[in-house]
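Biologist: Hello! I am new to this one, so could you walk me through it with a few questions and answers?

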Amino acid sequence: DGADSDCDGALDWLVTIYVGTDDAGELCVDTWDNLLGATGGWTSGTIHEIWLASGPHAIGIKGWDTGQVITAAIAHVEISTGQQWLSDASWRYDPNPSASEKSRIGWCEPYFDDSNWDLVRDLGPIGSSPWHGHSPSVFPTSSSAHWIWDHFPVNLNTQYLRREFVLP
């Protein structure tokens with residue numbers, strides 16, 4: 001962890017991703033083909049670990065609401081140095097979630113042109129309403145991650161969220 005274990009000139013990092021969605025979702029890193037799996041719900045969440053080399057990366061969350069109340073997500077990404085990337089107002093969302101999948105080709109990749117995507121709405125830290133003190137049970141207790149949302153009314157219940165980050 002933090003060493004060039006495969007002699008390719010880049011450091012290799014074990015990246016831990018804590019993620020949850022209200023109500024369900026899928027997580028990808030660097031490409032939709034690298035689908036890590038389900039995000040877990042708003043009370044449980046999931047933990048995913050993946051080895052990544054130094055340099056730019058992207059994380060994507062495709063979330064949906066089964067109860068037509070709200071589609072929100074929360075994420076906490078960290079490496080062994082303690083460096084973290086958290087869900088906050090810097091994340092972006094696709095303002096046209098019902099568009100053709102072709103409009104989102106590469107959305108989970110670094111360098112994807114998300115200039116037409118909007119900034120998410122920051123709903124507040126773990127424990128904010130409407131979650132009333134609850135947080136995904138797998139999250140670190142000290143996490144400063146915020147619940148984020150795409151601004152859409154509940155009848156448009158699929159969202160695409162993304163953020164790029166750079167590993168040292």
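**A guided tour**

Modeller: Gladly, and please keep in mind that this is a predicted model. Let us start in the loop between β1 (12-22) and β2 (24-29), which is the place of Asp 23.

Biologist: Which peptide bond is cis, with omega near 20°?

Modeller: Most peptide bonds are trans. Here, a bond that leads into Asp 23 has omega near 20°, and that makes it cis. Asp 23 itself sits in the loop between β1 and β2. The cis bond runs from Asp 22 to Asp 23.

Biologist: Is Cys 7 buried or exposed?

Modeller: Cys 7 belongs to the segment before β1. Its phi is positive, about 55°, although Cys 7 is not a glycine. An exposed residue has over 50% relative accessible area. Cys 7 has 68%, so the word for it is exposed.

Biologist: And Tyr 111, what is its phi?

Modeller: Most residues other than glycine have a negative phi. Tyr 111, in the loop between β8 (92-93) and β9 (118-119), counts as exposed at 67% relative accessibility. Its phi is a positive value, near 75°.

Biologist: How many charged residues line the largest pocket?

Modeller: About 180 Å³ of space lies in that pocket. Its lining includes Asp 33, Lys 62, Glu 101, Arg 104 and Glu 109, along with others such as Trp 32, Trp 107 and Tyr 160. By class, the lining has five nonpolar residues and two polar ones, and the number of charged residues is five.

Biologist: Which element gives the most residues to the largest nonpolar core?

Modeller: This core has 23 residues, and those with the most contacts inside it are Val 15, Ile 17, Ile 61, Trp 91, Leu 161 and Leu 167. Two or more residues come from each of β1, β2, β4 (46-53), β5 (55-64), β6 (72-78) and β12 (158-167). The element that gives the most, with four residues, is β1.

Biologist: How many residues are in the other core?

Modeller: The other core lies apart from the largest one. Among its members are Ile 70, Phe 139, Ala 145 and Trp 149. Its residues number 11.

Biologist: Back in the largest core, which histidines is Ile 17 in contact with, leaving aside neighbours within four places in sequence?

Modeller: Ile 17 is among the residues with the most contacts inside the largest nonpolar core. Its partners farther along the sequence include Leu 27, Val 29, Leu 36 and Ile 59. The histidines in contact with Ile 17 are His 48 and His 76.

Technical notes
Residues numbered from 1 in each chain as written. Predicted model: local features only at pLDDT ≥ 70, side-chain atom pairs only at ≥ 80, totals over all residues. Heavy atoms only, no water. Buried < 20%, exposed > 50% of the residue type's maximum accessible area, 1.4 Å probe, protein only. 1 Å grid on protein atoms, 1.4 Å probe; cavity = no way out; pocket = protein on both sides within 12 Å on 5 of 7 lines; lining within 4 Å. Points joined across faces, edges and corners; volume = space filled by probe spheres on them. Nonpolar A, V, L, I, M, F, W, Y, C, P; charged D, E, K, R; others polar. Core = buried A, V, L, I, M, F, W, Y, C linked by side-chain atoms within 4.5 Å. Contact = heavy atoms within 4.5 Å.
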